[in-house]
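Let's take a walk through this structure together. Keep the sequence handy as you read.

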Amino acid sequence: MADRQRSAVLISGRGSNLQALIAASARPDASATIALVISNRADAAGLDHARQAGIATQVISHRTFATQTAFEDVINAALQEHRIGLVCLAGFMRVLSPWFVERWRDRLLNIHPSLLPAFRGLDTHRRVLAAGVRFTGCTVHLVRAEVDDGPIIAQAVVPVRHDDTEDSLAARVLAAEHRCYPIALELLASGRAWVIDDQVSTAGTEAPELMALNPVI
Ligand code: GRF
């Protein structure tokens with residue numbers, strides 16, 4: 001078996017996407033292994049999922065640093081110490097500086113619960129319902145300095161139902177997130193997706209697993 005890409009996941013809370021990434025990386029044919037989980041909050045439930053899976057964890061609280069640079073220096077040092085190649089943001093509630101984003105350019109992934117570039121930012125599902133759109137979804141993308149911006153790796157479409165609440169919609173989108181993120185990480189880690197002209201390419205053809213994310217379309 002080829003060496004797996006040592007990957008880190010940065011979280012702030014629940015960690016359900018982290019769980020999906022851990023589960024996928026346990027498959028014998030996975031190209032990525034989750035080698036480190038960093039949380040900026042000591043009470044993040046996701047830390048327990050990581051510990052149960054025997055994954056190294058670190059709590060690096062932004063509150064203990066005087067500057068964003070000092071906070072990010074410590075995160076960066078932890079990533080280097082663990083020889084991390086890919087970094088997944090999964091509900092990490094801190095905006096990273098252009099320096100950090102550039103340092104990890106094309107190796108830093110994020111998941112957002114909408115079909116980007118629509119509905120960037122917080123309170124996504126409330127705004128989706130207010131806009132009356134019929135479809136929403138989730139996006140895994142490479143991170144750029146602008147929030148919720150960057151080359152898109154994978155998206156899954158989710159219908160909005162007439163009786164949806166924020167909670168019911170969030171739950172349906174979250175289930176899609178759990179399918180989407182492992183596929184995106186696998187495509188990058190395996191070298192089957194890469195960046196050309198600031199867009200993600202998958203060898204000129206759609207990767208079948210990307211098509212399978214949206215079977216109706
Ligand atoms: C997800 O909805 C993700 O899209 C957003 O934050 C949430 C994190 O959920 N960025 P979890 O911690 O992975 O359960």
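Before we start, one cut-off: a residue is called buried when its relative accessible area is under 20%, exposed when that area is over 50%, and partly exposed in between. Bear in mind, too, that you're looking at a predicted model.

With that in hand, take arginine 144. Its relative accessible area is 8%, so it counts as buried. What does aspartate 106 form with arginine 144? The two make a salt bridge, and their closest N and O atoms are 2.7 Å apart. Aspartate 106 sits in the loop between H4 and S5, while arginine 144 sits in the loop between S6 and strand S7 (152-159), so the pair ties together parts that are 38 residues apart in sequence. The pair isn't on its own, either: salt bridges with shared partners link Glu102, Arg105, Asp106, Arg144 and Asp198 into one network. Aspartate 106 itself has a relative accessible area of 25%, so it is partly exposed.

Across the whole structure, a search turns up 11 salt bridges. Another of them sits in helix H2 (residues 46-52), where arginine 51 and aspartate 48 are 3 residues apart, about one turn of the helix. Their side chains meet at 3.2 Å, N to O. Arginine 51 comes out at 46% relative accessible area, so it is partly exposed, and aspartate 48, at 40%, is partly exposed as well. Then there's arginine 41 with aspartate 43, whose closest N and O atoms are 2.9 Å apart. Here arginine 41 is partly exposed at 39%, whereas aspartate 43 is exposed at 54%.

Now for the strands. In a regular strand, side chains alternate between the two faces of the sheet. You can follow that along strand S4 (residues 86-89): Leu86 and Cys88 point one way, Val87 and Leu89 the other, and all are buried. S4 has strand S1 (residues 5-11) as a parallel partner over 4 bridges, with serine 7 standing opposite leucine 86. S4 also pairs in the parallel sense with strand S5 (residues 108-112), over 3 bridges; there, leucine 108 is the bridge partner of valine 87. Put helix H4 (residues 98-103) between S4 and S5 and you have a right-handed β-α-β unit.

Last stop: threonine 136, in strand S6 (residues 135-142). Is it buried or exposed? Threonine 136 is buried, at just 2% relative accessible area. Leaving aside residues up to four places away in sequence, the residues threonine 136 touches include Pro113, Ser114, Leu115, Val128, Ala156 and Val173.

How values were computed:
Residues are numbered from 1 along each chain as its sequence is written. This is a predicted model: local features need pLDDT of at least 70, side-chain atom pairs count only at pLDDT 80 or more; totals for chains, interfaces and linings use all residues. Side-chain values use heavy atoms; hydrogens and water are left out. Buried means under 20% relative accessible area, exposed over 50%, partly exposed in between (1.4 Å probe, protein chains only). Helices (H or I, at least four residues) and strands (E, at least two) are DSSP runs, numbered from the N terminus. Two strands pair if DSSP finds at least two bridges between them. A crossover is right-handed if, with the strands pointing away from the viewer, the path from the first strand over the helix to the second runs clockwise. Contact means heavy atoms within 4.5 Å. A salt bridge is a side-chain nitrogen of Lys or Arg within 4 Å of a carboxyl oxygen of Asp or Glu.
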